[in-house]
2 protein chains.
Amino acid sequence: MAKYVYFFGGRKAEGDGKMKDLLGGKGAGLAEMTNSGIPVPPGFTITTKVCNYFYKNKGRMPSGFKQEIQKNIQKLERTTGKRFGDAKNPLLVSVRSGAKISMPGMMDTILNLGLNDETIKGLIKKSNDEKFAWDAYRRLVQMFGNVVMGVEKEKFEKLLDKKKKEGKVKFDQQLSVDAIKDLVDGFKKVYQQETGKKFPPDSLEQLKMAIESVFESWNNPRAVTYRKLNKIPDDLGTAINIQTMVFGNMGNDSGTGVGFTRNPSTGKKKFYGEYLLNAQGEDVVAGVRTPLPIENLKKEMPKVYQELWEITTKLEKHYRDTQDFEFTVENGKLFMLQTRIGKRTAFAAVKIAVDMVKEGLITEEEALMRLAPAQIDQLLHPILDPKVKVDVIARGLPASPGAASGTIIFTAEEAVEKSKKGPVILVRQETCPDDIHGMDAAKGILTARGGMTSHAAVVARGMGKPCIAGCETLQISEENKEIIVNGKTIKEGDWLTIDGATGRVILGRVPTVKPSLSGDFGIFMKWADKIRKLGVRANADIPRDAKTAINFGAEGIGLCRTEHMFFAQERVPIVQKMILADTEKERRKFLDELLPMQREDFLGLFKEMKGYPVIIRTIDPPLHEFLPKREELMVEIALMKERKKPEKEIKKKEALLARVNQLHEINPMLGHRGCRLGITYPEITEMQVRAIMEAACKLAKKGKTVLPEIMIPLVGHINELKNQKAVVVRVAKSVMKDYGVKIKYLVGTMIEIPRGAITADEIAAEAEFFSFGTNDLTQMGFGFSRDDAGKFINDYLSEGILKSDPFQTIDQDGIGKLIGMGIKRGRKTKKNLEIGICGEHGGDPDSVKFCHRIGMDYVSCSPFRVPIARLAAAQAVLEEKK
Amino acid sequence: MAKYVYFFGGRKAEGDGKMKDLLGGKGAGLAEMTNSGIPVPPGFTITTKVCNYFYKNKGRMPSGFKQEIQKNIQKLERTTGKRFGDAKNPLLVSVRSGAKISMPGMMDTILNLGLNDETIKGLIKKSNDEKFAWDAYRRLVQMFGNVVMGVEKEKFEKLLDKKKKEGKVKFDQQLSVDAIKDLVDGFKKVYQQETGKKFPPDSLEQLKMAIESVFESWNNPRAVTYRKLNKIPDDLGTAINIQTMVFGNMGNDSGTGVGFTRNPSTGKKKFYGEYLLNAQGEDVVAGVRTPLPIENLKKEMPKVYQELWEITTKLEKHYRDTQDFEFTVENGKLFMLQTRIGKRTAFAAVKIAVDMVKEGLITEEEALMRLAPAQIDQLLHPILDPKVKVDVIARGLPASPGAASGTIIFTAEEAVEKSKKGPVILVRQETCPDDIHGMDAAKGILTARGGMTSHAAVVARGMGKPCIAGCETLQISEENKEIIVNGKTIKEGDWLTIDGATGRVILGRVPTVKPSLSGDFGIFMKWADKIRKLGVRANADIPRDAKTAINFGAEGIGLCRTEHMFFAQERVPIVQKMILADTEKERRKFLDELLPMQREDFLGLFKEMKGYPVIIRTIDPPLHEFLPKREELMVEIALMKERKKPEKEIKKKEALLARVNQLHEINPMLGHRGCRLGITYPEITEMQVRAIMEAACKLAKKGKTVLPEIMIPLVGHINELKNQKAVVVRVAKSVMKDYGVKIKYLVGTMIEIPRGAITADEIAAEAEFFSFGTNDLTQMGFGFSRDDAGKFINDYLSEGILKSDPFQTIDQDGIGKLIGMGIKRGRKTKKNLEIGICGEHGGDPDSVKFCHRIGMDYVSCSPFRVPIARLAAAQAVLEEKK
């Protein structure tokens with residue numbers, strides 16, 4: 001029979017730290033800590049298998065499960081000496097979700113479970129604190145009503161507010177025992193009114209309902225959104241931890257806190273955390289009260305502090321990584337409630353990784369696995385220009401680094417709306433999981449309450465966005481849509497800048513500068529370069545981008561889109577005339593005008609690239625993209641006629657429309673573009689090749705090395721490549737003859753049409769290199785227009801039809817097979833064929849790893865993604881070793 | 001060393017009838033006839049290999065070739081006793097092209113080669129006819145000048161016309177010897193003026209130039225067009241036949257003719273042909289003089305007639321097929337110049353095939369190979385409604401069967417232009433190869449001159465178009481664009497009807513009726529059905545089409561496009577309201593209105609199909625196809641504003657535009673369509689499945705058999721199919737429960753997305769059948785939008801980048817591989833998966849054969865193509881046996 005429940009307690013656990021799949025991260029951590037002799041309140045973990053069974057069987061539990069729970073409760077009773085439902089010495093427990101991958105605040109938690117009108121007596125007696133006990137009961141009814149039965153929080157809060165008004169007090173704690181007793185009665189009535197049922201007095205019934213509710217919370221909307229954002233599979237399921245309650249709110253010799261073994265923001269090796277005295281665990285994370293820094297604890301409870309430091313230092317060594325822990329002190333006794341790998345900023349991750357290598361704690365290879373490649377993005381984010389004088393209006397906690405400017409917005413919904421028009425900064429009292437979509441849309445987050453581990457801080461760091469938390473000098477009125485600070489009023493829509501690295505809140509917009517890429521980061525990236533086998537190139541069209549790419553470590557240009565050069569303001573009119581030309585002769589005239597401009601472009605690129613290979617793609621988009629829009633012309637002409645404009649002017653416009661109509665396409669993506677243009681208008685290819693080769697020859701004559709690789713786009717048939725290659729070779733020969741130099745150059749092709757991948761063996765006979773255009777390959781392989789897929793792709797993701805957006809991460813099961821086919825067949829014909837990728841997937845870590853596994857020579861991505869690709873490529877090698 | 005030249009003569013040839021690849025059709029035929037003892041003027045054939053060498057080596061001949069020619073000329077001189085360039089007994093030869101596949105009139109021919117100022121003397125002496133000899137010389141200079149040197153015909157004709165005027169004669173033959181001598185001089189001068197060179201007197205030089213010219217004519221524009229139209233590969237090359245001249249123009253005991261062993265129009269077993277006395281070969285084919293029927297020869301030259309009959313009867317038995325032959329009688333002696341398999345109408349082909357099986361000459365299997373499947377199309381063409389009284393204004397030769405109405409047009413260019421607006425009939429004095437594109441565009445062809453074997457007749461039969469030739473009562477003025485007949489004037493643009501089966505020319509439009517499919521055709525198709533393994537279904541959306549399909553032998557419906565039902569006039573407004581609905585509830589309301597209509601549609605289909613399987617595809621096109629056009633709305637609104645229409649009306653239109661904009665797509669082909677609609681709007685799928693199953697249940701309750709196969713379009717990912725299948729199964733179950741019957745039904749999918757083919761193994765786990773949508777698979781696999789590919793596909797075909805239009809014939813090398821992958825992977829998962837095709841390729845013979853080879857279960861095509869597919873499927877089996 002399957003085992004559904006794992007006990008931990010009395011220095012011995014049935015599970016261990018490796019069993020995250022089954023016990024979740026929290027459960028595995030509790031088991032591991034218990035086994036290591038660390039003080040952990042005893043309890044048991046219900047496995048993720050039960051959760052999955054629950055979902056597969058319409059909310060039923062597996063057979064034998066009930067009995068297992070009962071056995072474990074009995075064991076817990078033996079371990080603690082307390083008894084469930086006992087009026088004398090009642091066992092109270094917490095019920096907490098805990099998935100394999102941490103989803104902070106996303107699922108449900110219930111505390112103080114086991115209290116009822118009988119067991120409260122025992123709690124009063126044992127705690128010797130009637131008010132504390134009744135308050136615990138009140139909290140249970142409220143939490144249970146809200147979490148398990150879905151009663152709105154406000155229904156309870158209204159009663160609480162009323163009581164505080166009656167008692168003329170400000171804080172909950174100031175209420176009298178009788179007032180709290182009244183509230184318990186009142187809450188129970190609310191519970192019954194709203195649910196039609198009595199609050200369940202039976203402890204076991206409470207537990208059963210709580211377990212089901214936690215399982216159900218796995219699929220609540222915010223958890224689903226969080227998983228989608230963080231690419232966590234929906235079928236992992238959550239475990240549930242049932243743990244003996246310890247109380248941090250039993251007076252001022254009690255408390256609760258969270259901490260990190262190193263600073264999660266900077267990575268500095270310094271014990272780091274926050275706590276609240278006389279508080280229950282959720283109070284710290286929820287950000288209702290602003291907690292104290294952990295150094296304070298050294299003064300207030302030196303023994304506890306010392307023990308905590310020793311335990312967490314041991315944990316860090318044991319897990320060989322920074323720990324994020326939760327603890328509670330009950331009447332001076334320390335309990336560890338959780339330990340897990342600490343989330344951190346990219347800055348911190350790099351520093352910690354490099355430091356730990358120096359400390360001899362981990363190897364370079366392990367260090368490289370400690371940073372998710374996507375996190376590097378944060379390191380490349382701008383910081384405030386230090387030369388600019390700024391108007392600092394407030395200071396808060398530096399909760400997530402980076403700097404951002406935007407207009408102020410007060411709700412998540414509006415953040416989503418307004419962000420479509422420009423950058424916004426989301427300003428909130430405190431954030432909650434319901435705000436995630438707004439945080440996603442905003443450039444930065446600013447809260448008045450909450451600490452470094454508040455919801456806002458944790459989520460913002462995960463998103464790699466600047467965040468300032470606990471900026472209490474701000475008086476935020478979400479209702480009036482204004483902030484009052486030092487007598488100044490700042491309105492919605494005003495510009496604000498936040499510096500998440502220092503906590504400075506600044507009025508107005510502040511220019512930013514790029515961060516330095518040396519120091520720890522430089523060391524770290526060198527380790528990556530030492531290990532990776534994939535080359536990393538950049539997609540760059542202009543010298544400035546090429547320079548950035550080189551700075552970020554690119555080893556060549558994988559894609560230069562020559563048509564981007566056509567879109568320059570002063571060139572568009574010439575390009576238009578070229579397109580509208582009636583004869584080849586006329587077309588050549590305008591191409592001749594474009595020639596020197598393109599030559600200058602390439603000269604600039606070649607110079608920046610200093611002999612690295614530069615792949616230049618001949619013109620790709622359909623010509624009508626350069627012309628005025630058809631429907632606008634139609635409206636214009638209709639109005640000209642209506643307004644009886646001169647016949648001649650109308651005729652001229654109509655002639656233009658006629659040509660635009662001629663070029664108009666129903667499906668431009670599948671139309672007259674790519675090499676199809678070069679085949680029908682070989683003179684365009686000729687001009688581009690001439691520009692490339694003239695630029696290369698000029699430099700070569702000066703003794704510089706240049707390595708142009710000319711790439712023909714959209715090849716689906718070998719004969720297309722043959723046709724265009726003939727043009728390239730003819731023009732290249734002629735230019736080299738004119739200049740009297742010989743240059744090594746390659747002619748290759750994009751593989752971006754499914755037929756191209758399928759017939760890659762034939763195409764490789766003519767191509768000197770392949771570059772997979774995975775954007776188009778995905779479009780055509782899936783039959784998804786990237787411009788239009790928005791109409792259904794979200795439904796696809798939310799229905800679970802697709803696990804991730806195939807335009808972001810290569811669809812390995814489908815498009816990936818096409819790529820694999822292309823590589824295998826291409827190399828069958830030409831063993832040493834140079835093969836790379838230049839779609840936007842080239843900067844996506846999962847896709848980069850796929851490119852490594854499938855045997856490509858290099859990836860090419862936007863300059864800012866080059867370091868990401870470098871790390872992903874190194875990790876791919878390390879993952880393969882396993 | 002390679003052998004480049006094959007001799008024939010003296011009852012013995014170096015080649016034989018099987019060597020068509022090397023000697024061309026004509027050369028192989030001459031060799032075979034020579035070997036059979038049939039009187040053939042001796043000569044030799046230059047192989048197609050020389051032609052290919054010529055093209056690969058920029059017009060050079062292989063080494064040793066010249067020597068081989070010389071040796072063969074010497075052999076020819078020994079055989080004939082004549083000598084090349086000899087003034088006493090000169091050897092004169094014809095130089096004719098002859099490819100493997102006959103291309104009548106497409107390439108060059110030169111007669112009388114070997115004449116010069118010396119050899120003319122010998123010809124005069126031998127022929128004893130000075131005028132004949134000089135006329136032969138004149139013809140050589142003209143033909144050589146025109147064909148070899150490209151001098152325009154008119155330059156010579158002008159001189160000839162002048163001479164005739166001077167001599168006051170009407171026909172060439174009436175000119176005096178001196179006049180003709182003068183013409184020879186004059187022609188030589190024209191030759192020198194136009195080419196800058198003297199007419200070459202040396203016979204060997206003449207021959208060398210003529211050979212090169214014939215090779216060059218392989219790539220003249222009309223030959224290239226002909227090959228493209230008839231899908232003849234460009235790299236076959238042509239052979240050249242050098243043959244001793246025999247003269248049909250040596251007086252009234254001479255003549256020349258062509259014939260068939262059976263009637264090529266009706267297939268009747270009756271000796272059939274035409275001849276001209278005192279004429280050279282080209283005169284018959286060119287249609288300048290109208291020849292006499294071959295029966296006349298029986299009276300005029302009974303011995304020759306008898307010999308000809310015996311020879312050709314022997315040839316038919318020898319080749320086991322109808323022969324098309326050319327002969328010349330020189331001073332009473334018969335020579336055979338050519339024999340080949342006779343081209344025939346589809347009518348004739350079926351009759352001849354069935355007759356020959358009855359005669360025991362061939363087997364049923366051979367008979368099935370005697371008809372190109374595409375030809376069947378001709379049999380399905382309409383004939384004139386016999387019940388309608390018609391106004392016959394003239395009668396001509398019934399040159400190609402079928403009937404057509406159209407407006408009159410006089411030039412090929414205008415035929416192409418005007419045919420875009422409506423059907424046209426091309427009316428010409430006579431047609432020539434330059435007219436091919438006009439003939440292709442016209443619905444039918446009518447000529448005043450030429451016989452059953454004239455250019456117009458041969459080409460029209462090949463194209464399967466009605467043609468009346470030699471309708472000499474018509475006075476056609478191409479200049480005035482009118483026809484005068486019996487005093488009536490008919491103008492360009494007037495309606496005319498021609499009946500190619502009877503030769504009747506009828507004024508006005510005449511309704512047509514479908515031909516009968518029984519008799520010989522029925523027997524023939526039964527043989528095909530006996531042999532073929534592929535099933536043949538039809539694409540049909542409405543009961544009428546289903547009925548036609550059944551009549552044509554369809555065994556089910558392979559594709560019913562349910563959206564075609566949405567386009568019915570009375571339904572479009574409801575469909576629009578459904579699309580514009582803001583909520584699912586509203587959408588369901590309008591879907592409920594559509595439900596009974598769709599149910600009636602399916603009821604009708606199921607009734608017609610009498611228990612055959614019916615594949616019904618759920619909605620496929622993007623919804624905006626049902627809405628007004630975006631750009632038209634934009635113009636309308638702009639004008640309403642300009643005209644200051646009431647604000648309310650404008651707002652209403654703007655709201656419509658907003659919704660249209662919302663649904664607008666950049667690439668609708670790759671957009672929100674197919675199963676993507678069903679996934680985002682499951683209620684549409686629900687309604688359609690309900691309509692299908694209710695119709696099926698109604699019939700089942702009456703005891704009828706129904707076999708619905710519900711097909712989900714555009715599936716690229718297994719999860720898409722899972723999602724839609726769940727809807728289908730749920731609704732089907734519920735309907736069957738309501739009706740209290742159980743129906744066998746299948747749920748399957750289109751494979752039309754490349755990713756669908758690639759992941760067919762996964763998809764097959766959920767699909768009960770696959771239907772390859774090769775239209776979309778070609779679009780996405782090639783990245784060609786069918787709507788837009790017109791902008792480059794012609795360049796692709798003329799540049800030889802593609803051999804044929806992939807939307808007409810499956811691209812076996814690329815898309816075919818995807819299909820193969822889909823089948824293999826699908827069957828790997830589900831061994832007995834039902835697999836078919838429903839793209840338009842299902843009616844293309846080559847594609848049908850491919851579908852057989854690759855292991856499909858059936859093809860589905862438009863009802864009119866069903867018989868074509870049946871024959872192609874049978875031929876595929878027979879071809880495999882070889």
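## Loops, helices and cores in a predicted model

At 40% relative accessibility, N331(B) counts as partly exposed. This value, like every other here, comes from a predicted model. N331(B) sits in the loop that links β10 (323-330) and β11 (333-341) of chain B. Its phi is near 45°, which is positive, and the residue is not a glycine.

K644(B) is another non-glycine residue with a positive phi, about 50°. Its loop runs between α24 (630-642) and α25 (647-663) of chain B. K644(B) counts as exposed, because its relative accessibility is 72% and the cut-off for exposed is over 50%.

H717(B) is also a loop residue, placed between β28 (707-712) and α28 (718-739) of chain B. Is H717(B) buried or exposed? It counts as buried, at 12% relative accessibility. The cut-off for buried is under 20%. Beyond its neighbours within four places in sequence, H717(B) contacts residues of both chains: I801(A) and L802(A) on one side of the list, R755(B) and I763(B) on the other.

The three loop residues of chain B are set out below.

| Residue | Loop | Relative accessibility |
|---|---|---|
| N331(B) | β10 (323-330) to β11 (333-341) | 40%, partly exposed |
| K644(B) | α24 (630-642) to α25 (647-663) | 72%, exposed |
| H717(B) | β28 (707-712) to α28 (718-739) | 12%, buried |

### Chain A overall

Chain A holds 35 helices and 32 strands. Its C-alpha atoms fill a box of roughly 100 × 70 × 55 Å along the principal axes. Of its 882 residues, 59% are buried. Take the contacts in chain A with a separation of 6 or more: residues 24 or more positions apart account for 69% of them.

W527(A) gives one example of a long sequence gap bridged in space. W527(A) and A874(A) lie 347 residues apart in sequence, yet their C-alpha atoms are 8.4 Å apart. W527(A) belongs to helix α19 (residues 519-531) of chain A. With a relative accessible area of 10%, W527(A) is buried. Not counting residues up to four places away in sequence, W527(A) touches V354(A), V357(A), E364(A), A367(A) and L368(A).

### The nonpolar cores

Nonpolar side chains tend to be buried together in soluble globular proteins. Here the largest nonpolar core has 278 residues. Which residues have the most contacts inside it? They are F524(A), F606(A) and M693(A), together with F524(B), F606(B), F770(B) and F772(B).

F524(A) touches V350(A), A353(A), V354(A), A367(A), L368(A), L371(A) and L871(A), with residues up to four places away in sequence left out. A second core, separate from the largest, has 67 residues. Among them are F44(B), L140(B), L160(B) and A210(B).

### Helix pairs

Two packed helices are described by the angle between their axes and the distance between the axes. Two pairs follow.

In chain A, helix α5 (residues 130-147) meets helix α8 (residues 203-217). Their axes come within 10 Å and cross at roughly 45°. The two helices are therefore oblique to each other. The crossing of α5(A) and α8(A) is left-handed. From α5(A), the contact uses L140(A), F144(A) and V147(A). From α8(A), it uses Q206(A), M209(A), A210(A) and S213(A). Five of the contact residues are nonpolar, two are polar and none is charged.

In chain B, helix α31 (residues 774-782) packs against helix α33 (residues 815-829) at about 120°, with the axes 10 Å apart. That angle makes α31(B) oblique to α33(B). The crossing of α31(B) and α33(B) is right-handed. T774(B), L777(B), T778(B), G781(B) and F782(B) of α31(B) meet I815(B), L818(B) and I819(B) of α33(B). By class, this contact has five nonpolar residues, three polar and no charged.

### Helix α31 of chain A

How many residues of helix α31 (residues 774-782) of chain A are buried? Nine of the nine are, so the helix is largely enclosed by the rest of the structure. The buried residues include polar and charged types as well as nonpolar ones, among them N775(A), D776(A), Q779(A) and M780(A). Just after α31(A), G783(A) has a positive phi of about 70°.

Methods:
Residues numbered from 1 in each chain as written. Chains lettered and ligands numbered in written order. Predicted model: local features only at pLDDT ≥ 70, side-chain atom pairs only at ≥ 80, totals over all residues. Heavy atoms only, no water. Axes fitted to C-alpha atoms, helices over the stretch in contact; angles between N-to-C directions. Helix = DSSP H or I, 4+ residues; strand = E, 2+ residues; numbered from the N terminus. Parallel < 35°, antiparallel > 145°, perpendicular 65-115°, else oblique. Left-handed = near helix turned anticlockwise from the far one by under 90°. Contact = heavy atoms within 4.5 Å. Core = buried A, V, L, I, M, F, W, Y, C linked by side-chain atoms within 4.5 Å. Buried < 20%, exposed > 50% of the residue type's maximum accessible area, 1.4 Å probe, protein only.
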